[in-house]
Amino acid sequence: MNFTLKIWRQANRTAKGHFVDYQVSDIEPDMSFLEMLDVLNEHLVLKGEDPVFFDHDCREGICGACSLFINGRPHGKGEGTTTCQLYMRRFKDGETIVVEPFRAKAFPVIKDLTVDRSAFDQIIQAGGYVSCHTGGVPDGNAILVPKEDADMAMDAASCIGCGACVAACKNASAMLFVAAKVSQLALLPQGKVEAQRRAQAMVAKMDELGFGNCTNTYACQAVCPKRISVSHIARLNRQFLTGKIVRPWKKED
Amino acid sequence: MEEKLQSKIPSGPISEKWTNYKDTQRLINPANKRRLDVIVVGTGLAGASAAATLGELGFNVKVFCIQDSPRRAHSIAAQGGINAAKNYQNDGDSVRRLFEDTVKGGDYRAREANVYRLAEISNNIIDQCVAQGVPFARDYAGMLANRSFGGAQVSRTFYAKGQTGQQLLLGAYGALSKEIHKGTVKLFTRREMLDLVLVEGRARGIIARNLETGDIERHAAHAVVLATGGYGNVFFLSTNAMASNGSAAWRCYKKGAFFANPCFTQIHPTCIPVHGDFQSKLTLMSESLRNDGRIWVPKRKEDVERIRKGELRPIDIPEADRDYYLERRYPAFGNLVPRDVASRAAKERCDAGFGVNGAGLAVYLDFAEAINRLGAKVVEARYGNLFEMYQNIVAENPYETPMMIYPAVHYTMGGLWVDYELQSTVPGLFVAGEANFSDHGANRLGASALMQGLADGYFILPYTLQNYLSDQIREPRISIESAEFEAAECKVRDEIEALLSVKGKETVDSFHRRLGHVMWEYVGMAREKSGLLKAIDLIADLRKEFHQNVLIPNAFGVNVELEKALRVSDFMELGELIARDALQREESCGGHFRVEHQTADGEALRDDEHFNFVAAYEWQGENETPCLYKETLDFESVELKQRNYK
Ligand SMILES: Cc1cc2nc3c(=O)[nH]c(=O)nc-3n(C[C@H](O)[C@H](O)[C@H](O)COP(=O)(O)OP(=O)(O)OC[C@H]3O[C@@H](n4cnc5c(N)ncnc54)[C@H](O)[C@@H]3O)c2cc1C
Ligand code: FES
């Protein structure tokens, strides 16, 4: 298969970016999108040109590193898949493919197709955990958890932190990301204790870092590679709102 | 035992050693802990859990990782589960049994005392993870569920769908984030450690490259913990993540840390077969699938031929014409034999001409019987995400037709040599997780790596590191201005300069691929003296060529080709050591199979009289033959016997 690629090139955080056209040929349908980019990069290196920089690591849809905006959609047109799980057989031979980085104010471009998503880490640091320390915890079966709750918590917990939700949202909101963590921990008795405090702390951090507001367009759910449901946003709102009344949280807490 | 290899195993009966150690280990008061700096390299299960716990204790921790976030460490990809001796299923499990299974599974090449401690701690790990909000699978009573893994006859594996590693890592990442928030841990992402710095013989810091800016940085501490994962990517194609590497460990080796059992590498039986030359990595299909999947090839060559030509579908072959070779050869364990045994059995069938894909390098993993017995819904609940992953890659539906699988490089049991305290032969350098050699002997059992990584990080290092640091409290903050740091930084800069100035004609990936071919061909599933000697020669040539002909763009800031070149340069040297170690070990054990040493029916033949030791190598200088030291293994609690899964 042959393709024309329109790829966003940007030398560094401050440089101005632009699209550059590349031709790739003899691409096999069984190649993943990233393997196709490997082929391009190997050619660029051999020609003495700067290869395209993109994040990736596990190449099996779990680490959340890969983050390409392909033909106007985070992770391309696959449903419930990451960029690394997108195979070239899904494209038409001869097609032109536009490849951009995930764009959001809170995700500045580092170079080419790679963005800085450390804002996600900062949101988690603000409270996305159970504050227990190592040791001195009860037996694993001491507190029973209804299977339905454990399963629902697992669905929320499967978030890979890729940021597709932010890239798809016209407001660049991180609501689904925050909701997934808040909801997972609120569903489990171990996390319930500080659920309201957690919701307030994480939402405050999200706002501080420049993510936009959620206006319920559900674009996030549609592109989430782990199919995380917007119903978790409702649970986040509940924890946030009751928390504000019952257990108000202040930044210095 | 050799003087340089003091394993420091505490005295007393095996079940009391760890308790005795903890009772007598030296402590440090909180005011002094704050004055002590610790560097942790790696944020996988081992590194994240260690950094978080050391931070909680009050040490000043700096933690480093290659990825843009600690949550993306390779541990995230672990699928199947984590073992613990809870005996929640009342099926006869105990600490003693988990210990014995692990020693036996490792083909009696691990240190007993370490393995016992691991089994003992396993239960604490589950409790800890539950408290953190890890959503383990549960039954309708609300209790934790278990599944079975290879090498055991009990169900002791805890799991979170097919994403156990992800959930455990996110738990540890949460704990780490909590400490970062408190300020006890400082996080450095997109950093690659390129050297260890020794001051007066002790590990006192690292040289790291900032992967975004290209800056070379110095970081100092009173002690260094290496939790940098395994070196499976020396084979180029493996199930490891792309950034997984052996460099951090290798550079410590060159600074005096002994490298142990490098030839103990694990080939996992159930991976998606290689598709073509362009392939960048292999995808694992979790071992948990062997709970319900049955492995087979056709009995008749004619059927194999017709399948390869596409004239016959696997589902058209009647039961009587299928060879469920694992069930046939190992009736007691069936499809749940350990990985090394299952991998070799697949190779044996394929070598005999029964491989079912075009290349003749695949066998079937079939769920038809399970779907009949349990219904598609139950099968989907158990393995849905794995089936989806398979379908995505191969474009075939495993609910309708059996999966095709083949063995692939997966894990490395070898690593830096450590004593009972997880300290290497360099004082102040501790090694945790897959990066050390400790607990799995010659073959790791499924679901035991996650257990080991978290045991090391949450429950062992916090004690042993404290013991080491207790006599360092008078040592002021280590300066990065010393001659030692200067020299280490210069060396790294020179090395980078040398690589950039080659300006050759071949890409790094191309060299890596060639190294991988040599390793897989001659140092892979079946090893033979002539092949190993050949590999050593081929790798030496390849190294020479690499340093004369590699092409790396000379870019400021981000330079991925340079990152890869540094790793591949180390992989070539490490590959040679693997081959040497495999050559030296004139026996078959676990994942190390020497063709010359097998039983009449093709099983691994150990030689306890001559090879009951850990092989630990000391670096002797560039292009010098390393010096081999032997740590003899004493088996006091388990009886040394030939493994039998029949
Ligand atoms: C596909 C797959 C499935 C698996 N499934 C299971 C399972 O079900 N059960 C089980 O028990 N085990 C499983 N394993 C094995 C297990 O996942 C690993 O052995 C384990 O996670 C290793 O953890 P670790 O903390 O030692 O290292 P890793 O998770 O590999 O982390 C290494 C860390 O070190 C950092 N690092 C490396 N080099 C440097 C450097 N030079 N400078 C700075 N940082 C560096 C990396 O950035 C990373 O943060 C699986 C492995 C694979 C590949
Ligand atoms: S590379 Fe890990 S999710 Fe795509």
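Here is a short chat about ligand 1 and the two chains around it.

Tutor: Quick ground rules: this is a predicted model, where local features need pLDDT of at least 70, side-chain atom pairs count only at pLDDT 80 or more, and totals for chains, interfaces and linings use all residues. Residues are numbered from 1 along each chain as its sequence is written, chains are lettered from A and ligands numbered from 1 in the order in which they are written, and side-chain values use heavy atoms, with hydrogens and water left out.

Student: What makes B:Glu434 a polar contact of ligand 1?

Tutor: A polar contact is a pair of N or O atoms within 3.5 Å; within protein, one must be able to donate a hydrogen and the other to accept it, and residues adjacent in sequence count only if both atoms are side-chain atoms. A side-chain N or O atom of B:Glu434 sits 2.6 Å from a ligand 1 oxygen, so the pair qualifies. The backbone of B:Gly80 also has an N or O atom 2.8 Å from an oxygen of ligand 1.

Student: Why is the pairing of B:Lys161 with A:Asp155 called a salt bridge?

Tutor: That term needs a side-chain nitrogen of Lys or Arg within 4 Å of a carboxyl oxygen of Asp or Glu. B:Lys161 and A:Asp155 come in at 3.3 Å, N to O, so the name fits. The rule finds eight salt bridges across the interface of chains A and B.

Student: How many residues does each chain put into the contact?

Tutor: Chain A brings 69 residues and chain B brings 73, with contact meaning heavy atoms within 4.5 Å.
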